[in-house]
Amino acid sequence: MGMRDKKRNQKRVLARRTAAPRSGEGKDFLPLEDGSGKRTRKQLQQQPEEPENTATVVYIGHIPHGFYEDQMKGFFKQFGDIKRLRIARNRKTGKSKHYGFIEFESPVVAKVVADEMNNYLLFEHTLRVSLVPPEKVHPKLWKGVRRGFIPIDRVTIERKRHNKDKSVAEHKKMVEGIVKRDEKRRKRIQAAGIDYECPALIGISQPTAKKIKFDEN
């Protein structure tokens, strides 16, 4: 190949490089103002900066059974100082709902926890950890967190309700319920073809007893 052929090939290569891209090509690239293929200093300075992280609250989901307040505080304090901690619990039984929130003193620590502990396998449970933006933190999230969870004694409440003195209207309503249930029981026995005489109710007035008179016919 002579010198003329080499120069001719070089011109063809340069012409292809400087030629405009075909339709459909170059869609993955941003257009540049100067067309030189390099970003200018002004374009680099105008790039949007990442917003500063100010979130200090971390949501933790899929908490395993037995991993409660003391265990969580002992585990997560290795990352940094913990300000507050709360596990969602059932109001009646006090059992864990398997999710909670931790507030750290520093947003940097909260970011590290969210990045490192998400999808972390703990006691055969995969934790779900994420940052909670300050504007999405419920104002009553930390209400009563200082005194801890105090379960409601439902047995004592029910005992007081059952043993309290009843008024005349309440007593009448209770008797009517007893009579109604006894009448249904007698009808079920009769419908089943069972030859059984139900004992009479004790402590019920005569007019009320006439209402539940069993039809032996």
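Which residue in S3 does arginine 86 stand opposite? I looked this up first, and the partner of arginine 86 is phenylalanine 101 in S3.

**Ground rules.** I am working from a predicted model, in which local features need pLDDT of at least 70 and side-chain atom pairs count only at pLDDT 80 or more, while totals for chains, interfaces and linings use all residues. Residues are numbered from 1 along each chain as its sequence is written, and side-chain values use heavy atoms, with hydrogens and water left out.

**Strands.** I took strands as DSSP runs of E of at least two residues, numbered from the N terminus, and counted two strands as paired if DSSP finds at least two bridges between them. S2 (residues 82–89) runs antiparallel to S3 and is joined to S3 by six bridges. S1 (residues 57–61) is also antiparallel to S3 (residues 96–104), with five bridges. I then checked phenylalanine 101 from the S1 side and found tyrosine 59 opposite; on the S2 side stands arginine 86. Further along S2, arginine 84 has glutamate 103 in S3 as its bridge partner.

**Hairpin.** Six residues lie between S2 and S3, and in this hairpin glycine 94 has a positive phi near 80°.

**Arginine 89.** I placed arginine 89 in S2. For polar contacts I used N or O atom pairs within 3.5 Å, one able to donate a hydrogen and the other to accept it, with residues adjacent in sequence counted only if both atoms are side-chain atoms. The arginine 89 side chain makes such a contact with the side chain of glutamate 69 at 3.0 Å, and reaches the backbone oxygen of glycine 94 at 2.8 Å. With contact meaning heavy atoms within 4.5 Å, and neighbours within four places in sequence set aside, the partners of arginine 89 include Tyr68, Lys97 and Phe149.

**Largest pocket.** I used a 1 Å grid over the protein atoms alone and a 1.4 Å probe; a pocket is an open set of points with protein on both sides within 12 Å along at least five of seven lines, and lining residues have an atom within 4 Å of a point. The largest pocket holds about 800 Å³ of space. Its lining has 22 residues, with Arg86, Ile87, Arg89, Lys143 and Phe149 nearest the centre. S2 and S3 are the elements that give two or more residues to this lining, and S2 gives the most, five.

Conventions
Helices (H or I, at least four residues) and strands (E, at least two) are DSSP runs, numbered from the N terminus. Grid points are joined across faces, edges and corners, and a volume is the space filled by probe spheres set on the points.
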